[in-house]
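Let's take a walk through a protein together, one step at a time. Have the sequence and the 3D view ready, and follow along as we go.

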Amino acid sequence: MRTDQYQHHDYYLVDDLLTTEQKLIRETVRAWVKKELSPIIEDYAQRAEFPKHIVKGLGEIGAFGPNIPAEYGGGGLDEITYGIIMQELERCDSGIRSTASVQGSLVMYPIYKYGSEEQRKKYLPKLAKGEWFGCFGLTEPNHGSNPGGMETTIKEEGDYYILNGAKTWISNAPYADIAVVWAKNEAGKIKGLVVERGMEGFTTPTIHGKWSLRASTTGELVFNNVKVPKENILPNVEGLKGPLGCLSSARYGIAWGAIGAALDCYDTALRYAKERVQFGKPIAQFQLQQKKLAEMITEITKAQLLVWRLGTLKNEGKATPTQISMAKRNSCEIALNIARESRQILGGMGIVGEYPIMRHLMNLETVITYEGTHDIHLLITGHDVTGLNAFH
Ligand code: TGC
Ligand code: FAD
């Protein structure tokens, strides 16, 4: 069992830009992570098992829907606080942040934003507490980066929609009580609906054999003539902007979160480099290792400032999806580079579970892929700055 020795790194005093409440919440989440998660996460990841029992705890610390209004069970907090919570969770493990991102941004957010008042009251408070667990089905076997091509359909039949098709690579699917699913209606328009476990013809097979995000569970959603009551359709959105709007919220959380993984790698590598002696000196005294560490903290600092600014824009309702894409892409890139460099600083010890670096490194290969691949976010920025669309 590993002792979590993490110490805070804030080279440019970004903390001065945070409120007292934001800092307090960060301390609370960090203390919870150190007590409840850090001691167990490596074992769960090694066994490729999701620590299901932590779902309730995540609900208790307010990790599910912190930016959803309190009247629906959310935290009623601002967007920077949301980002901070995601960062603290991902400092421990990207899969744990993923669990919270999906529940908050991809399940609660669409129900809050696009759902009826009845749907909000039925689902949100239970999801916020972690009594119900949700997943988000957009990606399909033939449509990943291009979700607009989806083949999953709904057909009206009396008081029901008949749902057919399949989603894949779905985080939380094997344990989810409900799934927010995106499907095309008879007019070819994309609609969102809430599918509940137990509905006939709905199954959630697990995807096995992942070398990444091993402490998070991933599966498929298979719909074989599933009768979904009409009241389960999300009435207030139509088209691809529905799921993409949810992604904007989740991508924002990842932009903060991935910096958490980077911080944990940097912190580990810095401590190790000061303690590990070769050629009669701590390796931190060698210029090559100092270059690595100095570049890491520089990139972390730039990313911290970028997401803080993005958070203030989001609080003012001014953050654009393209700004969010830039920050998600940047945080994933710097985090993955920092994980790779940190692993090298630890030499052979960099590959064992006694240190968190290899786990972060493997996790970040997913984080740089889901919620839009690295290429896709670059093309979104390219489209924005040139006005020319590379996709169509
Ligand atoms: P395009 O024509 O550009 O857009 C269609 C409509 O959507 C609007 N829109 C957005 N709205 C809100 N937020 C965004 N980020 C938006 N991006 C686009 C857009 O304005 C338009 O609206 P309207 O009113 O004109 O209809 O769509 P396109 O078909 O050309 O696709 C463009 C592209 C490539 C950018 C998009 O499809 C994309 O982002 N692809 C990547 C797919 C992706 O990110 N999948 C993620 C699946 S979920 C997941 O990975 C969860 S992992 C969770 C975890 O475990 O943490
Ligand atoms: P593809 O779209 O097939 O892309 C393959 C390669 O082609 C990539 O390098 C991509 O960048 C490149 N490419 C594609 N189009 C272009 C282009 N126009 N120009 C240049 N290059 C291009 N999805 C959900 O809906 N819900 C979830 O909860 C969820 N959780 C996930 C959990 C995990 C562990 C993983 C790995 C994925 C998850 N996903 C989820 C799916 C994820 O969003 C997709 O994997 C991702 O969007 C990429 O789709 P794809 O894997 O089909 O790759």
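**Around the two ligands**

Start with ligand 2, which has 18 residues around it; those that come nearest are Thr139, Ser145, Trp169, Thr373 and Asp375. Keep in mind as you look that this is a predicted model.

Two of these nearest residues return when we turn to polar contacts. The side chain of serine 145 has an N or O atom 2.6 Å from an oxygen atom of ligand 2. Threonine 373 places a polar side-chain atom 2.7 Å from an oxygen atom of ligand 2. The backbone takes part as well: in phenylalanine 136, a backbone N or O atom lies 2.9 Å from a nitrogen atom of the ligand. On its own, ligand 2 would expose 980 Å², and the protein buries 67% of that area.

Where does ligand 2 sit? The space it takes is the largest pocket. Two elements each give two or more residues to the shell around ligand 2, namely strand E3 (160–171) and helix H10. Sorted by class, this shell holds 9 nonpolar, 7 polar and 2 charged residues.

Now move your view to ligand 1. Here 27 residues surround the ligand, and the closest are Ser98, Ser171, Arg251, Glu371 and His392. Take serine 98 to begin with: a polar atom of its side chain lies 2.4 Å from an oxygen atom of ligand 1. Arginine 251 also reaches in with its side chain, where an N or O atom is 2.7 Å from an oxygen atom of the ligand. With glycine 372, the partner is a polar backbone atom, 2.9 Å from an oxygen atom of ligand 1. Taken alone, ligand 1 exposes 1,100 Å², of which the protein buries 72%.

Ligand 1, too, sits in the largest pocket. Which elements give two or more residues to its shell? They are helix H4 (94–114), helix H6 (241–275) and helix H10 (374–386). Of these, H6 gives the most, with 6 residues. You have met H10 already, in the shell around ligand 2. By class, the shell around ligand 1 is made up of 13 nonpolar, 10 polar and 4 charged residues.

**A helix you can check yourself**

Let's finish with a little arithmetic on helix H8, which runs over residues 321–345. How far apart should its ends be? H8 has 25 residues, and at 1.5 Å a residue the helix should span 36 Å. The C-alpha atoms at its ends are 36 Å apart, so the expected span and the model agree. Following H8 you will find glycine 347, whose phi is positive, near 55 degrees.

How values were computed
Residues are numbered from 1 along each chain as its sequence is written. Chains are lettered from A and ligands numbered from 1 in the order in which they are written. This is a predicted model: local features need pLDDT of at least 70, side-chain atom pairs count only at pLDDT 80 or more; totals for chains, interfaces and linings use all residues. Side-chain values use heavy atoms; hydrogens and water are left out. A residue is near a molecule or strand if one of its heavy atoms lies within 4 Å of it. A polar contact is a pair of N or O atoms within 3.5 Å; within protein, one must be able to donate a hydrogen and the other to accept it, and residues adjacent in sequence count only if both atoms are side-chain atoms. Accessible areas come from the Shrake-Rupley method with a 1.4 Å probe; for residues, only the protein chains shown count as cover. On a 1 Å grid over the protein atoms alone, a cavity is a set of points where a 1.4 Å probe fits but cannot get out, and a pocket is an open set with protein on both sides within 12 Å along at least five of seven lines; lining residues have an atom within 4 Å of a point. A molecule sits in a cavity or pocket if more than half of its atoms lie within 2 Å of its grid points. Helices (H or I, at least four residues) and strands (E, at least two) are DSSP runs, numbered from the N terminus. Ala, Val, Leu, Ile, Met, Phe, Trp, Tyr, Cys and Pro count as nonpolar, Asp, Glu, Lys and Arg as charged, and the others, Gly among them, as polar. The expected span of a helix is 1.5 Å times one less than its number of residues.
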